[in-house]
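The following exercises are to be worked through with the sequence and the coordinates at hand. Each task is followed by a solution in steps.

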Amino acid sequence: MPGLTGVAALTAGSIHSLALKADGTVWAWGYNGYGQLGNGTKKQGSTPTQVPGLTNVAALAAGSSHSLALKADDTVWAWGRRPGWFLAPILSQLTDCQSMTAGYLYSLALKADATVWAWGDNSNGQLGDGVLPERGAPNQVPGLTGVAAVAAGYHYALVVKADGTVWAWGDNGSGQLGDGTNTQRPTPTQVPGLTGVAALTAGSSHALAVKADGTVWAWGSNTSGQLGDGTNTQRLTPTQVLDLTGVAAVAAGASHSLALKADGTVWAWGTNADGQLGDGTNTQRLTPTQVPGLAGVAALAAGRFFSLALKADGTLWVWGDNSYNQLGDGTLTDRLTPTQVPGLTDVVALAAGNVHSLAVKVDGTVWAWGENGYAQLGDGTYTSHRRPTQVPGLSSVVTLAAGYQHSLAMKADGTVWAWGSNLEGQLGNGRSQSQLFPEQVW
């Protein structure tokens, strides 16, 4: 075999082969229709090619159409055929996570080393690895380091780096990547001219960023005034939200936006057909308006057409669309102004999906309510809940994320757990079936 020297071990699958060199690198050749060569493609190899990014390997194994490698540090890496194919080696468990977020049918995790890992649907390049097939387990977004926070939109993703720059990838049909075009990006691209960013969020097709000076900048779709610039004009690059300063955090729904000021007040703008702006009307707002009677707020979340606010006293307040019980107040009545979720106290974190909601209590337990047709409430059923119900078997949780029909929880030990819909591998467990209870992400 030309160019293959220093080999220490060999193994063979059904119609592919692997070689381990003495230097700890892995080389593969043969059939690759299921990604079993680990080179990020499905193109077959007629000569040995190094498996990129895989070093310090001590042993190999090959199945019919998948491959395994044991590293010297005793971690196991896998690639090839599973319900969600892995075209490059992935670690068998996702650990040391700092935060995570969930988009429509995909998920993102930020690790303690400031790298970003993605899994699930990749039809619009939202996994950021330049390859379009879906991923059934986490893969690192290549070339992206120094990340401080992540956000997931409908089919696109955003990160802010520690240096205050913003990077985006995925669908860009509404200009939600902020790069001045409508061109889809399968790998991260810097949002030009945007610096000093401290926090960000992603709506269905619009994005918001908070600068260190407390101003808010927005871009993307603006059909309902969700950019807050006084118009309904789409913006392909960031534009400042009018008359809004002193902001500490933002949240975005399908076509409405929320801002939390440092003084604990909440401001809202965009579509208001279901009362998601909380101002007592159904009137669309093109610029921010204060949510009346709401103070002492510590955190926000936005679902598709509803809003959540966590007060510093641990109570949770909700408003907007309630057609799927997502407000958790025991009714199906829309709320035009904030109403407290009854019986739910000591909350420290929250998340809003399409039409379901999640909360973490100070004791590390998770509570869920709303629509449950895909088991996104994690209670072992497909039954919707009008009031918060504890997710069984889940403890020591510190933060949450909610996708369109799936949910994520991160424990204090840095592991990520997922449940709900798994059609595109968004639960990261290597399968494609829905998960009725929380299961650790690979």
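**Exercise 1.** In the predicted model, which kind of contact do the side chains of Arg335 and Asp329 form? Classify the burial of both residues.

*Solution.*
Step 1. The side chains of Arg335 and Asp329 meet in a salt bridge, with an N to O distance of 2.8 Å.
Step 2. Side chains of opposite charge can pair when their charged atoms come close.
Step 3. Arg335 has a relative accessibility of 26% and therefore counts as partly exposed.
Step 4. Asp329 has a relative accessible area of 8%, so this residue is buried.

**Exercise 2.** Determine how many salt bridges the whole structure holds, and describe the pairs made by Arg185 and Arg235.

*Solution.*
Step 1. A search of the whole structure yields five salt bridges.
Step 2. In one of them, Arg185 is paired with Asp179, and the closest N and O atoms lie 2.8 Å apart.
Step 3. Arg185 is partly exposed at 25% relative accessible area, whereas Asp179 is buried at 15%.
Step 4. Arg235 forms a salt bridge with Asp229, where the closest N and O atoms are 2.7 Å apart.
Step 5. The relative accessibility of Arg235 is 27%, so Arg235 counts as partly exposed; that of Asp229 is 9%, so Asp229 counts as buried.

**Exercise 3.** Characterise the largest pocket by its volume, its lining residues, the strands that contribute to the lining and the residue classes found there.

*Solution.*
Step 1. The volume of the largest pocket is about 1200 Å³.
Step 2. Its lining comprises 48 residues, of which Thr101, Ala151, Ala152, Thr201 and Ala202 are the closest to the centre.
Step 3. At least two lining residues come from each of several strands, among them strand 9 (97–102), strand 13 (147–152) and strand 17 (197–202). Strand 21 (247–252), strand 25 (297–302), strand 29 (347–352) and strand 33 (397–402) each supply at least two as well.
Step 4. Sorted by class, the lining has 33 nonpolar, 14 polar and one charged residues.

**Exercise 4.** Which residues make a nonpolar surface patch of about 190 Å²? Place Leu68 in the secondary structure and account for its eligibility.

*Solution.*
Step 1. The patch of about 190 Å² is made by Leu68, Leu70 and Val76.
Step 2. Leu68 belongs to strand 6 (residues 66–71).
Step 3. Patch residues need over 30% relative accessible area. Leu68 has 31% and is therefore partly exposed.

**Exercise 5.** Compare the settings of Ala114 and Asp243, for each of which phi is positive. Are these residues buried or exposed?

*Solution.*
Step 1. Phi of Ala114 is about 70°, a positive value although the residue is not a glycine.
Step 2. Ala114 is placed in the loop between strand 10 (106–111) and strand 11 (116–120).
Step 3. With a relative accessible area of 16%, Ala114 is buried.
Step 4. Asp243, likewise a residue other than glycine, has a positive phi near 55°.
Step 5. The loop between strand 20 (235–240) and strand 21 holds Asp243.
Step 6. Asp243 is exposed, at 74% relative accessible area.

**Exercise 6.** What separates Ala58 from Val297 in sequence and in space?

*Solution.*
Step 1. Ala58 is located in strand 5 (residues 57–62) and is partly exposed, with a relative accessible area of 48%.
Step 2. Ala58 and Val297 are 239 residues apart in sequence.
Step 3. From C-alpha to C-alpha, Ala58 and Val297 are 52 Å apart in space.

Conventions
Residues are numbered from 1 along each chain as its sequence is written. This is a predicted model: local features need pLDDT of at least 70, side-chain atom pairs count only at pLDDT 80 or more; totals for chains, interfaces and linings use all residues. Side-chain values use heavy atoms; hydrogens and water are left out. On a 1 Å grid over the protein atoms alone, a cavity is a set of points where a 1.4 Å probe fits but cannot get out, and a pocket is an open set with protein on both sides within 12 Å along at least five of seven lines; lining residues have an atom within 4 Å of a point. Grid points are joined across faces, edges and corners, and a volume is the space filled by probe spheres set on the points. Helices (H or I, at least four residues) and strands (E, at least two) are DSSP runs, numbered from the N terminus. Ala, Val, Leu, Ile, Met, Phe, Trp, Tyr, Cys and Pro count as nonpolar, Asp, Glu, Lys and Arg as charged, and the others, Gly among them, as polar. Patches are made of residues with over 30% relative accessible area and no salt bridge: like charges are joined within 9 Å, nonpolar side chains (Val, Leu, Ile, Met, Phe, Trp, Tyr) within 5 Å. Accessible areas come from the Shrake-Rupley method with a 1.4 Å probe; for residues, only the protein chains shown count as cover. A salt bridge is a side-chain nitrogen of Lys or Arg within 4 Å of a carboxyl oxygen of Asp or Glu. Buried means under 20% relative accessible area, exposed over 50%, partly exposed in between (1.4 Å probe, protein chains only).
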